[in-house]
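This report walks through one protein chain, beginning with its empty space and moving on to its fold and to two individual residues. Please keep the sequence and the 3D view at hand while reading.

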Amino acid sequence: KVLIPRNAAVDAAPQTLAGPAALSGFRQTISSPAAVWLITYEQIPVVTIDDRLAWRALQVLIEGRATQIILPVFDRDELKPLAFSDAAPGPHSDGAYFSDGSGYLTWRSHVVLTASIIRGATQLAAQRIAGPALQPGQHFSIANRLYRISRVVSESGSVATVTFWPPAREAASTGAVLNFETPRATVRLVDDKGMDLNLGLGRHAAPTVRFIEDPY
């Protein structure tokens with residue numbers, strides 16, 4: 001909420017292995033599990049005193065590639081399976097609201113696993129409690145690990161079976177939430193100088209920062 005990029009790119013970086021070409025010209029190519037996400041935050045406005053101080057503090061907190069970062073993945077709402085809701089915030093079960101007058105808002109997307117998955121899995125079954133049908137290309141995260149739906153295998157009512165990329169970084173249990181609304185990724189800086197900041201006249205800058213997924 002302090003340093004928000006003007007553009008954010010989330011790109012798959014697959015790794016493939018290819019053998020030598022046969023006499024027929026055929027070359028076998030297979031996908032490697034070493035594939036990762038590459039995320040770029042472009043043109044981050046650093047214009048105020050608070051911006052500059054926050055950047056300087058982050059630079060020394062992160063310490064280059066040494067620190068694992070939980071990064072929000074920006075996506076437009078139309079690319080997410082969000083329900084449309086005009087409902088006003090609701091009260092507690094006794095009809096009372098919080099002391100400041102605010103209430104509860106339901107999730108616009110609520111999807112949970114209907115069966116556990118193991119590390120390395122590429123398919124899951126999930127139930128939609130809130131939100132429209134899942135579609136290929138949508139991002140979600142489980143425990144701060146980012147995934148993208150590659151194919152909807154089947155759908156029966158509110159339960160869908162989908163394949164996803166990359167392979168599951170961690171095992172997840174039945175009931176685990178698939179976070180489509182505010183997905184996150186676990187990353188590190190691409191290089192140790194990724195947080196360098198060159199201020200014009202010592203005041204303004206619009207740096208670009210690149211991150212690579214930390215799959216472990």
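A pocket, as the word is used here, is an open set of grid points with protein on both sides within 12 Å along at least five of seven lines, and its volume is the space filled by probe spheres set on those points. The model under discussion is a predicted one. By this reckoning, the largest pocket holds about 410 Å³ of space. Its lining is made up of 19 residues, and those lying nearest its centre are Leu3, Tyr41, Leu58, Leu71 and Pro72. Two or more lining residues come from each of helix 1 (49–62), strand 3 (69–72) and strand 11 (209–213). In chemical character the lining divides into 18 nonpolar residues, no polar ones and 1 charged residue.

The protein chain as a whole contains 1 helix and 11 strands, arranged along the sequence in the pattern β-β-α-β-β-β-β-β-β-β-β-β. Of its 216 residues, 34% are buried, while the chain exposes about 13,000 Å², with carbon and sulfur atoms supplying 54% of that area. Among contacts with a separation of 6 or more, 68% join residues that are 24 or more positions apart.

Two loop residues can be set side by side.

| Residue | Loop | Relative accessibility |
|---|---|---|
| Ser109 | between strand 3 and strand 4 (110–113) | 4% |
| Leu197 | between strand 10 (184–189) and strand 11 | 22% |

Is Ser109 buried or exposed? Ser109 counts as buried, because its relative accessibility of 4% falls under the 20% cut-off. The side chain of Ser109 comes to 3.4 Å from the backbone oxygen of Pro81, and Pro81 also appears among the contacts of Ser109 beyond four places in sequence, together with Leu82, Ala130, Phe180 and Glu181.

Leu197, by comparison, counts as partly exposed, because its 22% lies between the 20% and 50% limits. Once neighbours within four places in sequence are set aside, Leu197 is in contact with Val46, Trp55, Ala205 and Pro207. A further relation links Leu197 to Arg56: the two are 141 residues apart in sequence, yet their C-alpha atoms are 8.5 Å apart in space. Position 56 falls within the range 49–62 of helix 1, an element that also contributes to the lining of the largest pocket.

Technical notes:
Residues are numbered from 1 along each chain as its sequence is written. This is a predicted model: local features need pLDDT of at least 70, side-chain atom pairs count only at pLDDT 80 or more; totals for chains, interfaces and linings use all residues. Side-chain values use heavy atoms; hydrogens and water are left out. On a 1 Å grid over the protein atoms alone, a cavity is a set of points where a 1.4 Å probe fits but cannot get out, and a pocket is an open set with protein on both sides within 12 Å along at least five of seven lines; lining residues have an atom within 4 Å of a point. Ala, Val, Leu, Ile, Met, Phe, Trp, Tyr, Cys and Pro count as nonpolar, Asp, Glu, Lys and Arg as charged, and the others, Gly among them, as polar. Buried means under 20% relative accessible area, exposed over 50%, partly exposed in between (1.4 Å probe, protein chains only). A polar contact is a pair of N or O atoms within 3.5 Å; within protein, one must be able to donate a hydrogen and the other to accept it, and residues adjacent in sequence count only if both atoms are side-chain atoms. Contact means heavy atoms within 4.5 Å. Accessible areas come from the Shrake-Rupley method with a 1.4 Å probe; for residues, only the protein chains shown count as cover.
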